Amino acid sequence: MGQGTGPSGAHRDTSAHTAAQHLRVRQLVDELGLAQATISQHLRELKDAGLITGTVEGTSVCYCIEPKNWAKAQAVFNALFNKYAPVDRSCC
């Protein structure tokens, strides 16, 4: 995986893996190789934003996408990315 090397990379990887299936924190830790605390923090942010839901199953929580809010977020980002137009100058 290797892309989870910072807050934005970790958040992106966590989102991508959660989107793919119903997952538990332990599965994400094993798959991404990030600390449990890091993954839990990012999942909490996604949950607080309403993008995922968490269901307690015994001693763990199973996370999955909240479809309506995920679709809203997708529409917002698609609109933003569709407005992008390259410029013929350097960034700074």
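Which residues form a nonpolar patch on the surface?

**View 1. A nonpolar patch on the surface of the predicted model.** In this model, which is predicted, the residues F77, L80 and F81 form a nonpolar patch on the surface, and together they have about 350 Å² of accessible area. One of these patch residues, L80, lies in helix 4, which covers residues 67–82.

**View 2. The largest nonpolar core and the residues that touch the most other members.** This core consists of 13 residues, and among them V25, L28, L32, I39, L43, I52 and Y63 touch the most other members. At least two residues of the core are supplied by each of helix 2 (25–32), helix 3 (36–48) and strand 3 (60–65). Helix 2 gives the largest share of the core, namely four residues. As general background, nonpolar side chains tend to be buried together in soluble globular proteins.

**View 3. The cysteines C62 and C64, with no disulfide between their sulfurs.** The sulfur of C62 has its closest cysteine sulfur in C64, at 6.1 Å, and this is too far for a bond because a disulfide requires two cysteine sulfur atoms within 2.5 Å. Seen from the other residue, C64 is likewise in no disulfide, and its nearest cysteine sulfur, that of C62, is 6.1 Å away. By this rule, the count of disulfides comes to zero.

**View 4. The burial of C62 and C64.** C62 has 8% relative accessibility and therefore counts as buried, since the cut-off is under 20%. C64, at 16% relative accessibility, also counts as buried.

Technical notes: Residues numbered from 1 in each chain as written. Predicted model: local features only at pLDDT ≥ 70, side-chain atom pairs only at ≥ 80, totals over all residues. Heavy atoms only, no water. Buried < 20%, exposed > 50% of the residue type's maximum accessible area, 1.4 Å probe, protein only. Patch = residues over 30% accessible without salt bridge, like charges linked within 9 Å, V, L, I, M, F, W, Y side chains within 5 Å. Areas by Shrake-Rupley, 256 points an atom, 1.4 Å probe, with all protein chains shown as cover. Salt bridge = Lys/Arg side-chain N within 4 Å of Asp/Glu carboxyl O. Core = buried A, V, L, I, M, F, W, Y, C linked by side-chain atoms within 4.5 Å.
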